[in-house]
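Visitor: I would like a close look at one part of this model, namely its aromatic rings and the helices that lie around them in the sequence. Please take me through it carefully.

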Amino acid sequence: MALIGPRSVELERADPQRIAPLSALRSHAVRFAKVVAFIVASSIIFPAGLMAIALGFGAMPLPHPLYLVLQRLPIVFPLHMIASGLTLILIPLALLLRHRPSLHRPIGRVAFGCILTGALSALPVALCSEANAVARTGLFVQGVAWLGFAVAAVHAVRSGNVASHARRMIAVAAIASGAIWLRLVTAVATVFTLPFDEVYATATWLCWIVPLAIALVWTKCSTAAPVILRRSPCAAR
């Protein structure tokens, strides 16, 4: 009963003019966080994308396990590297230009073509990998999930559901980032002489599932927050 009183009613019936500055402050904080995240991500993603393209064109020597895959798939594997590298570069550009349709749409179409190529070619690459069965399965499922979310994103935007399209493209980007985290994990495993096969097999799953889970939770929370703010003034009525 102590919770029900004038003070409680006053809090529930907050003045919209007092809520507006808090909403604006939150909006600026979210915008700043997005800019910082984009800068940090770009400093990692763009070099990784360029390196993948260089490896695909043969401008850089491949590690021995990847060289063996190249011998088995002399056309598919370079195509996978180039398309995936372009995807890592184009997705952040499309996100940055999302408020400029004249640039966002053509970049998005090219990015989808690269995603389609990269995801489909990832399936035979996973099967021909030198890794153990657990790792190959993880890479294969990653390619399927990558393709599935990309197709869902295109279907959403063609249906006029821009919000759903954005959420699914963030998921696509999260899955694609798995290639970067996998390289970092394998580098750490090599430096610290960890059991490579076990670490690699675990990483082929976690390096894309964890970013995907974070992306899905974040997009759900970011879309739910404005609904709560819109309901606050209504509570005063």
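Visitor: How many aromatic pairs does a search of the whole structure find?

Guide: The search finds 2 aromatic pairs in the whole structure, a pair being two rings of Phe, Tyr or Trp (its six-membered ring) with centres within 6.5 Å. This is a predicted model, in which local features need pLDDT of at least 70 and side-chain atom pairs count only at pLDDT 80 or more, while totals for chains, interfaces and linings use all residues. Residues are numbered from 1 along each chain as its sequence is written, and side-chain values use heavy atoms, leaving out hydrogens and water.

One of the aromatic pairs is formed by Phe-196 and Tyr-200, whose rings are stacked, with 5.7 Å from centre to centre and 15° between the planes; planes under 30 degrees apart count as stacked, over 60 as edge-to-face, and the rest as tilted. Phe-196 and Tyr-200 both belong to helix α9 (residues 196-231), and because they are 4 residues apart there, about one helical turn separates them. Helices are DSSP runs of H or I with at least four residues, strands are runs of E with at least two, and both are numbered from the N terminus. The two partners differ in their burial: Tyr-200 is buried, with a relative accessible area of 17%, whereas Phe-196, at 38%, counts as partly exposed. Buried means under 20% relative accessible area and exposed over 50%, with partly exposed in between (1.4 Å probe, protein chains only).

A residue from another helix joins this picture, since Thr-186 touches both Phe-196 and Tyr-200 when residues up to four places away in sequence are not counted; contact means heavy atoms within 4.5 Å. Thr-186 has its place in helix α8 (residues 178-191) and is itself buried, with a relative accessible area of 14%.

Going back along the sequence from Thr-186, one can ask how α8 packs with α7. Their axes (lines fitted to C-alpha atoms over the stretch in contact) are 4 Å apart, at an angle of about 25°, where angles run from 0 to 180 degrees between N-to-C directions. The helices α7 and α8 are therefore roughly parallel to each other; this label applies under 35 degrees, roughly antiparallel over 145, roughly perpendicular from 65 to 115, and oblique to the rest. On the α7 side of this contact are Ala-174, Ile-175 and Ala-176, which meet Gly-178, Ala-179 and Ile-180 in α8.

Helix α7 (residues 162-176) also packs against helix α6 (residues 133-158), with axes 8 Å apart and an angle of about 160°, which makes α6 roughly antiparallel to α7. The α6 residues in this contact include Trp-146, Phe-149 and Val-157, and those of α7 include His-165, Arg-168, Met-169 and Ile-175. Ile-175 is thus among the α7 residues that meet α6, and it is also among those that meet α8.

For the wider setting, the protein chain has 9 helices and 0 strands, and buried residues make up 33% of its 237 residues. Among the contacts in the chain with a separation of 6 or more, 72% come from residues 24 or more positions apart. Elsewhere in the chain, Gly-58 lies in the loop between α2 (16-56) and α3 (64-72), and it is exposed, with a relative accessible area of 57%. Gly-58 and Pro-78 are 20 residues apart in sequence, and their C-alpha atoms are 8.2 Å apart in space.
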